[in-house]
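Please find below my notes on the model you sent, set out as numbered points. They begin with the metal site and then turn to charged pairs, packing, backbone and confidence.

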Amino acid sequence: MNPARLARFHDCARYFICPLCHTELELDGTSLRCPNRHTFDIAKQGYVNLAPAAKQSQFYSKESFANRGRILDAGYYSHIASAVLAAVHAHCPAEPHPAILDAGCGEGFYARAVQQAHPHVDVLAFDISKDSVQQAAREDTSLAVRWFVGNLADLPLRDAAVDCILDVFSPVHYGEFRRVLRPGGIVVKVVPGARHDEQLRELASAQLRHTDYSNEQTVDQFARHFDVMDTRLVSQTFAMPPDDVRVFAHMTPLLFNVDIDTLDLSQISELTIEAQVIVGRDRRTSTPAQRHHVADVVAHDGEVET
Ligand SMILES: [Zn+2]
């Protein structure tokens with residue numbers, strides 16, 4: 001394997017624990033290995049699968065990730081990426097060696113942008129989908145992002161390992177977020193704005209229970225767990241060719257229950273891409289207690305929100 005693709009895992013003991021027995025992982029050749037000899041090979045693209053039993057969501061195929069990658073590269077989400085970078089720049093604690101975790105990184109668009117803008121920062125990024133992590137790692141020219149396949153409800157990360165968590169259009173698990181975040185660390189959460197994809201939702205209104213989309217509940221729940229430092233709405237409406245409209249129609253979670261083939265997408269020539277970027281700070285000021293047993297976290301304060 002290209003040694004440059006391995007280099008990012010040299011200090012893996014700083015961040016990673018075994019997903020099976022929760023002990024420290026060390027780099028051993030081209031694998032990460034725990035004291036109980038559980039072994040996780042680093043793939044040639046430069047990621048490690050720390051959730052070998054994970055199942056992929058039916059909504060995310062290899063093809064859908066390729067399509068999403070094309071849409072992201074076309075610039076339709078650049079205003080959102082800029083807002084995420086600005087939030088990190090303004091609020092990420094200025095530790096000598098800050099670490100940022102992208103939770104639910106998808107095809108890696110935001111993790112790569114953050115690594116590029118902040119080369120001194122350790123960026124870790126995971127998704128439950130192996131296909132997406134594979135694509136994310138393949139396109140990472142920095143060779144620096146620590147990509148892994150991981151389970152949101154049982155993260156293979158040490159307690160208090162990171163200073164900042166990015167949660168961009170992804171599910172959240174507050175118990176695990178608090179555990180892996182250093183006291184006083186921040187979470188940058190990005191949720192769709194009320195006008196996001198409104199032209200598509202309008203077109204699909206006959207098949208939707210609610211044409212209006214509200215992120216209020218999600219935002220309220222976030223504010224119960226973190227002190228909200230900053231919130232910003234970013235919105236842009238793009239003229240869009242039919243091929244791109246079609247990809248958007250298939251990739252937006254707001255239309256997952258809609259039969260896209262029954263829609264006359266030719267009626268749509270522009271689309272609004274809108275998001276709310278919320279920055280929250282962890283309220284604790286001291287080091288947290290020992291790692292909770294995962295079952296306790298899930299049972300008592302774990303909330304998986306989709
Ligand atoms: Zn182990």
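1. Four donors count as tetrahedral if all angles lie between 85 and 135 degrees. In this predicted model, the zinc ion has 4 donor atoms with angles of 103 to 118° among them, so its site is tetrahedral. For reference, the ideal angle for four tetrahedral donors is 109.5 degrees.

2. Which protein atoms are the donors of the zinc ion? They are the SG atoms of Cys 18, Cys 21 and Cys 34 together with ND1 of His 38, and they lie 2.1 to 2.3 Å from the ion. The spacing of these donor residues in sequence is C-x2-C-x12-C-x3-H. Cys 18 belongs to the loop between helix 1 (3-6) and strand 1 (26-28), whereas His 38 belongs to the loop between strand 2 (31-33) and strand 3 (39-41), so the pair ties together parts that are 20 residues apart in sequence. Buried here means under 20% relative accessible area; Cys 18, at 0%, is therefore buried, while His 38, at 26%, is partly exposed.

3. The loop between helix 1 and strand 1 also holds His 22, whose phi is near 60°, a positive value in a residue other than glycine. With a relative accessibility of 29%, His 22 counts as partly exposed. A second case is Phe 169, a residue other than glycine with a positive phi near 50°, which is placed in the loop between strand 8 and strand 9 (172-173) and is partly exposed at 32% relative accessibility. I would list both backbone values in the text, with the loops in which His 22 and Phe 169 are found.

4. Side chains of opposite charge can pair when their charged atoms come close. A search of the whole structure gives 15 salt bridges, and one of them joins Glu 107 and Arg 68, with 2.8 Å from N to O. This pair links distant parts of the chain, since Glu 107 is in the loop between strand 5 (99-103) and helix 4 (109-117) and Arg 68 is in helix 2 (residues 62-73), 39 residues apart. The relative accessible area of Glu 107 is 5%, so this residue is buried, and Arg 68 also counts as buried, at 18%.

5. Asp 167 and Lys 189 form another salt bridge, in which the closest N and O atoms are 2.7 Å apart. Because Asp 167 lies in strand 8 (residues 162-168) and Lys 189 in strand 10 (residues 181-192), the pair ties together parts that are 22 residues apart in sequence. Are these two residues buried or exposed? Both Asp 167 and Lys 189 are buried.

6. In the salt bridge between Glu 198 and Arg 195, the closest N and O atoms are 3.2 Å apart. Here Glu 198 is partly exposed, with a relative accessible area of 28%, and Arg 195 is partly exposed as well, at 37%. Elsewhere, Asp 11, Asp 122 and Arg 146 are linked in a network of salt bridges.

7. The largest nonpolar core has 57 residues, and those with the most contacts inside it include Tyr 77, Tyr 110, Trp 147 and Phe 248. Helix 3 (residues 78-91) gives the most to this core, with 6 residues. Beyond its neighbours within four places in sequence, Phe 248 is in contact with Ile 71, Tyr 76, Tyr 77, Asp 197, Leu 200, Met 240, Leu 271 and Ile 273. A second, separate core has 36 residues, among them Leu 50, Val 172, Phe 177 and Ile 278.

8. Helix 5 (residues 130-138) deserves its own remark, because 7 of its 9 residues are buried, so the helix is largely enclosed by the rest of the structure. The buried residues are Asp 131, Ser 132, Val 133, Gln 134, Gln 135, Ala 136 and Ala 137.

9. As to confidence, the protein chain averages a pLDDT of 88, and 91% of the residues score at least 70. The pLDDT is below 50 over residues 290-306, although in the model this stretch has 36 contacts beyond near neighbours in sequence. I would ask that any discussion of those contacts state the pLDDT of the stretch beside them.

Technical notes
Residues are numbered from 1 along each chain as its sequence is written. This is a predicted model: local features need pLDDT of at least 70, side-chain atom pairs count only at pLDDT 80 or more; totals for chains, interfaces and linings use all residues. Side-chain values use heavy atoms; hydrogens and water are left out. A nonpolar core is a set of buried Ala, Val, Leu, Ile, Met, Phe, Trp, Tyr and Cys residues joined through side-chain atoms within 4.5 Å. Buried means under 20% relative accessible area, exposed over 50%, partly exposed in between (1.4 Å probe, protein chains only). Helices (H or I, at least four residues) and strands (E, at least two) are DSSP runs, numbered from the N terminus. Contact means heavy atoms within 4.5 Å. A salt bridge is a side-chain nitrogen of Lys or Arg within 4 Å of a carboxyl oxygen of Asp or Glu. Donors are N, O and S atoms within 2.8 Å of the metal (3.2 Å for Na, K and Ca); water is not among the atoms, so sites may look incomplete. Four donors count as tetrahedral if all angles lie between 85 and 135 degrees; four count as square planar and six as octahedral if opposite donors are over 155 degrees apart and all others between 65 and 115; anything else is irregular. pLDDT is the predictor's confidence in each residue, from 0 to 100.
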